[in-house]
Amino acid sequence: MPYSDSLTLSSLEKDPDPILAELRKYEPVCFVPALEMWFITKWEDVAFMESHPEIFSADTNPSFLARALGPNMLTMDKPNSSKARNAMLPAFQAGGVAGSFVSARLPELIDQTIDQFIENGKVEIMKDFATPISASSLAIVLGLDSHAWEEVWEWCEGLCADIANFENDPTLTNKGNAARDSLGKVLNKNLEELSKKPNQTALSTFLHSINSDPPLSQDEIVNNVRLMISGGINEPRDGIGLVVKTVLENPQLREELLENDSLWRKCVEEVFRLHSPVGTITRQTKCEVKMRDKTIPANSLVSGILRSANRDEEHWSNPDLFDLHRKEGPHAAFALGEHRCLGEWLGRQVVKTASQRLFTRIEGFELEPDFEIELKGFEFRGPLELNCVWGKHV
Ligand code: HEM
């Protein structure tokens with residue numbers, strides 16, 4: 001029986017890397033019955049998939065993403081996806097709303113979050129640091145910061161519950177619908193106001209973008225902002241957790257980073273490569289396609305495993321090793337094709353600044369004695385909890 005036949009989602013969620021190494025070696029292109037999907041695990045093949053959207057379509061059927069959020073740029077192919085993408089991308093780049101947020105408000109947001117727990121001498125990083133910073137950052141850039149970060153996080157959790165509701169559990173559908181409706185109402189109200197009185201927020205730029213003719217409709221904006229809320233908070237959150245974990249586990253790395261600030265950028269990139277917080281991309285074949293020794297039929301769902309491409313031993317030297325000084329070119333953690341992450345510039349800045357500030361301000365920051373870090377997830381992966389303690393701080 002082929003190895004792929006025995007794979008389960010729970011084993012992939014627990015410890016995907018040895019499984020993916022086995023697949024790269026013996027079945028680099030294979031059908032996985034438990035997920036009813038084809039897996040593509042080699043760097044070269046994932047890159048091929050990403051550069052051939054005419055074969056591997058983002059417009060999949062079924063689409064849990066379209067069902068939970070409404071049609072959005074990630075459920076469409078070019079040219080349909082370009083309208084929203086072109087209108088929305090500038091706000092998330094260095095020269096846009098995100099750029100102003102990162103230079104004017106992000107350091108203060110991080111310091112205020114640290115101030116909330118610094119006197120306690122202990123903190124759970126995922127809940128009390130990574131989540132509020134990721135949720136608040138996106139909320140401020142979008143212009144939704146009159147809502148508490150807890151509410152923004154609740155929208156994110158509700159939407160994500162329904163996106164991953166593969167077994168159509170009605171409790172999860174209800175949770176998703178509640179988040180979808182509540183966020184939709186807030187967005188529609190804000191957009192009404194912004195149509196009369198534009199301001200310096202990303203939502204306002206979406207409405208008044210000169211890159212879109214005709215302008216984006218309110219529904220187009222609402223569905224795509226749902227996509228941002230469902231995807232743009234969990235990932236920087238996991239990214240912060242993964243960087244904090246990596247630095248805590250590696251005293252020599254920590255020394256290097258504290259001596260030379262400019263190395264934080266490299267550290268974040270290497271953590272993204274090694275851990276790929278977003279593990280996969282899902283597409284559907286528009287025609288039959290031959291890859292290696294396999295023929296994938298038309299209309300098949302295909303998972304391009306970014307996590308596996310990022311550890312492919314034919315592309316990287318010592319791929320399982322964290323190497324701060326690696327010089328082997330870009331990784332695939334933000335994807336490689338026409339749906340490459342829209343929020344990557346902002347995401348990188350949030351993860352880098354938050355981790356850097358935490359270790360700079362809290363001397364002697366370490367894991368609680370005997371605490372064992374558990375990573376979980378296949379599609380999205382990060383630490384479940386990070387219990388930390390310290391003595392001195394500034
Ligand atoms: C920092 C960690 C992040 C990681 C690792 C990450 C990763 C990814 C990946 C792998 C994709 C491609 C998905 C696919 O092709 O199926 C993607 C797409 C996307 N990401 Fe991110 N992301 C991050 C942060 C963000 C943030 C902060 C936002 C906020 C706006 C965001 C918004 C989006 C959107 C809207 C798309 C869809 C783009 C399109 O369809 O053209 N992401 N992201």
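This passage describes three aspects of the structure: helix α7, the packing of helix α8 with helix α9, and helix α3. The model is predicted, with local features requiring pLDDT of at least 70 and side-chain atom pairs counted only at pLDDT 80 or more, whereas totals for chains, interfaces and linings use all residues. Residues are numbered from 1 along each chain as its sequence is written.

Helices are DSSP runs (H or I, at least four residues) numbered from the N terminus. Helix α7 comprises 12 residues (106-117), and its end C-alpha atoms lie 18 Å apart, in agreement with the 16 Å expected at 1.5 Å a residue (1.5 Å times one less than the number of residues). L106, L109, I110 and T113 are the buried residues of α7 (20 or more other C-beta atoms within 10 Å of a residue's own, against 12 or fewer for exposed; C-beta atoms are placed from the backbone). Seen down the axis, these buried residues fall within an arc of 95 degrees (taken from the directions from the helix axis to the C-beta atoms), so they line one face of α7. The face turned away from the buried side carries the exposed residues E108, D111, Q112 and D115. Cover for the buried residues includes α6 (97-104), α8 (125-142) and α17 (344-361).

Helix α8 packs with α9 (residues 149-163) at an angle of about 90 degrees, the axes being 9 Å apart (axes are lines fitted to C-alpha atoms over the stretch in contact, and angles run from 0 to 180 degrees between N-to-C directions). The two helices are therefore roughly perpendicular (65 to 115 degrees). T131, P132, A135, S136 and A139 of α8 meet W149, V152, W153 and C156 of α9 (contact requires C-beta atoms, placed from the backbone, within 7 Å).

In helix α3 (residues 43-50), W43, D45, V46, M49 and E50 are buried. These residues cover an arc of only 170 degrees around the axis, which puts them on the same side of α3.

Notes
Two residues are in contact if their C-beta atoms, placed from the backbone, lie within 7 Å. Angles under 35 degrees count as roughly parallel, over 145 as roughly antiparallel, 65 to 115 as roughly perpendicular and the rest as oblique.
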